[in-house]
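Me: I should like a close look at the nonpolar core of this protein chain. Please explain it in connected prose suited to a first-year student.

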Amino acid sequence: MLLKELSALASPLSQGQVEKLKQFTAELNPIQQAWVSGYLAASANAVGAVASAPAAQASQIITILYGSQTGNGRGVAETLAQKAQEQGYSVNLTSMADYKARALKQETLLLVVVSTHGEGEAPDDAMQLHEFLASKRAPKLDNLHYSVLALGDSSYEFFCQTGKDFDARLAALGAKALTPMVECDVDYEDSADAWTDSVLEAVKPHLESSTNAASASVVPISAAQAGASQYTKKAPYTAEILVSQKLTGRDSDRDVRHVEIDLGDSGIEYQVGDALGVWFSNNLELVDEVLAQLELSGDESVEVSKQSTTLKQALINSKELTQLYPGFIQNWAELSADKSLQALASDKSKTREFMLTQQVVDIIKAYPAKVEAQAFVDLLRPLTPRLYSIASSQAEVEAEVHLTVALVEDERNGQARFGGASHFLASAEEGQQVKVYVEPNNNFRLPENPDTPVIMIGPGTGVAPFRAFMQQRSSDGVEGNSWLFFGNPHFEQDFLYQTEWQQYLKSGELTQLDVAFSRDQEHKIYVQHRISEQAKQVWQWLQNGAHIYICGDAERMAKDVHQALLDVAQTQGGLSSDDAASYLDTLRVEKRYQKDVY
């Protein structure tokens, strides 16, 4: 039944409620409308069940909260929710960004899945809850039982720090652990599966099963926002590469590629701001170099994920060769019995620094050791897909997806070394197959109101999602109120998508473009310097409700830009340093300050 027919019928809603409902649903797309419909139906069923059940059963719901920057945490949480439902339990699956923190004091069973972003930071969607728990406003949680799964990367200093923070704070507030916290590295799947099974076993004494409990509706958020695609990280789509074209000039010191991929009749949909997950194969020359150094043929039979294959195929398709992790260095130090490597492996700081300039083959060449094929495979991490910010809008490119890829390239002892995925994409020929999937990014979205001003800060390949933003805005007929800050070393060699930006300026769809070519003058100029130069206007845009977006390098650029924005708030807004920091935090909570950094 259509909403417009509601007013003509006897309805439990007031006229004002009907009008509000009309206004709200008019803003939703079909997928969102379906989700709301399911949510309301589940809520109604739950209310009815609770009303007729004993009071003790009213709280028998497992709340699953996730904080996820790249989608791994969300995927684990969705799997956990599905398994819980299959066992007959009521489930409330919620992103931390959508969770009302003060509802914690009503919870009795809480399962937390949270990743750590950057240098020990909470992911964007977990920031507010993370801060709430650390504040004096956090309530006593004596009636809460909980467990935490922490996702991280041991290559970083503050491994799983956000998960550790949640675990410590919940315990300090009086909550009782159902199971000990589990820390997961990049190869998290087995550990996450074991934790899922253990916590669902641990909640049994606290819950009654399906015949009495109301089943809450769990909608996989990733599926809803990716157009209910059947293609996922575990089941990617085999696409074809249409173009891998160099964007930088012949004299540039970097190789940046514009890559176009054909999604065919897959039905895959994505939104601007999303990322594309790309599975890749290791370079054959690199694999052969590893085998030669180990004095192995590659024909040896090995087992990977309980499947039998040859060593060579395992190294090509299943194991990480271009990115090191501390565990490999520690284990290889023991195998090689090299004192210098052992000393390095015992120093976490030196190990992290060492990993940035080395690959697996460099270690085994510099510190030779004898190892059996299976033992070597067991030392390596599983190959993981790389995420690239999507540089296109389907409103313009339809069944294609575009990427902006910088080739990671270095030379060590006269030998070229490349990044695994970037080399795979940069060297791809037309028609080459690649396995892909869409990773939604709810933390990097254009404003719902197209008239809202947007400030886009994207030096280097960080400009990719802003190409998608402008394609979408152009297709939607949005003019003006958009400002791009772009930077790279040289104007003549490194101005990515220059013609497109100039066309958007000419048409009026892009209001302003400020560029920073760092090496075209004696003193280096970066995007943060341009922001400082335009401080008065940046502040005016912010006062007019502008949304700020930053994409690119997290280690330096994002921090420098953040500091520049703090300076703007102080110099132009008259805020103290603490108030300026609080102001930017408020913008992030309001989703007016969004980052896609790596």
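Reply: Helices and strands are here runs assigned by DSSP, with at least four residues for a helix and at least two for a strand, and they are numbered from the N terminus. By that rule the chain has 23 helices and 21 strands. The model is a predicted one. Its mean pLDDT is 89, and 86% of the residues reach 70 or more. The chain has 598 residues, of which 50% count as buried. Of the contacts with a separation of 6 or more, 77% are between residues 24 or more positions apart.

The part to examine is the largest nonpolar core, which has 36 residues. Within this core, Leu315, Phe328, Trp332 and Phe376 have the most contacts. Which elements supply at least two residues each? They are helix 8 (284–294), strand 10 (301–304), helix 9 (311–317), helix 10 (326–336), helix 11 (339–345), helix 12 (348–355), helix 13 (360–366) and helix 14 (373–379). Helix 8 gives the most, with 5 residues.

Trp332 may serve as a point of entry. When neighbours within four places in sequence are set aside, Trp332 is in contact with Leu294, Leu341, Ile363, Ile364, Tyr367, Ala369, Val371, Phe376 and Leu379. Apart from this core lies another, of 30 residues, which includes Trp541, Leu584, Tyr593 and Val597. Tyr593 also has a charged partner: Arg588 lies over the face of its ring, at 5.9 Å from the ring centre.

The aromatic rings deserve a closer reading. The count of aromatic pairs comes to 18. One of them joins Phe328 and Phe376 in an edge-to-face arrangement, with 6.5 Å from centre to centre and 80 degrees between the planes. Because Phe328 lies in helix 10 and Phe376 in helix 14, this pair ties together parts that are 48 residues apart in sequence. Both Phe328 and Phe376 are buried.

A further pair may be set beside it. The ring centres of Phe491 and Phe517 are 5.6 Å apart and the planes stand at 85 degrees, so this pair is edge-to-face. Phe491 belongs to helix 18 (residues 491–494) and Phe517 to strand 19 (residues 512–517), so the pair ties together parts that are 26 residues apart in sequence. Are these two rings buried or partly exposed? Phe491 is partly exposed, because its relative accessible area is 38%, whereas Phe517 is buried, with a value of 7%. Elsewhere, ring pairs link Phe444, Phe466, Phe469 and Tyr549 into a cluster.

The cysteines should also be considered. A disulfide is a covalent bond between the sulfur atoms of two cysteines. The structure holds 0 disulfides. For Cys160, the nearest cysteine sulfur is that of Cys184, at 6.7 Å, and the cut-off for a disulfide is 2.5 Å. Cys160 counts as buried because its relative accessibility is 0%. Cys551 is likewise buried, with a relative accessible area of 0%.

Finally, a caution about confidence is in order. Over residues 209–217, pLDDT stays under 50, and the model has 18 contacts beyond four places in sequence for this stretch. Over residues 219–228, pLDDT also stays under 50, and the model has 22 such contacts. Where pLDDT is low, the predicted coordinates should not be read in detail.

Definitions and conventions:
Residues are numbered from 1 along each chain as its sequence is written. This is a predicted model: local features need pLDDT of at least 70, side-chain atom pairs count only at pLDDT 80 or more; totals for chains, interfaces and linings use all residues. Side-chain values use heavy atoms; hydrogens and water are left out. Buried means under 20% relative accessible area, exposed over 50%, partly exposed in between (1.4 Å probe, protein chains only). A nonpolar core is a set of buried Ala, Val, Leu, Ile, Met, Phe, Trp, Tyr and Cys residues joined through side-chain atoms within 4.5 Å. Contact means heavy atoms within 4.5 Å. pLDDT is the predictor's confidence in each residue, from 0 to 100. Rings of Phe, Tyr and Trp (its six-membered ring) pair if their centres lie within 6.5 Å; planes under 30 degrees apart count as stacked, over 60 as edge-to-face and the rest as tilted. A charge sits over a ring if NZ of Lys or CZ of Arg is within 6 Å of the ring centre and within 35 degrees of the ring normal.
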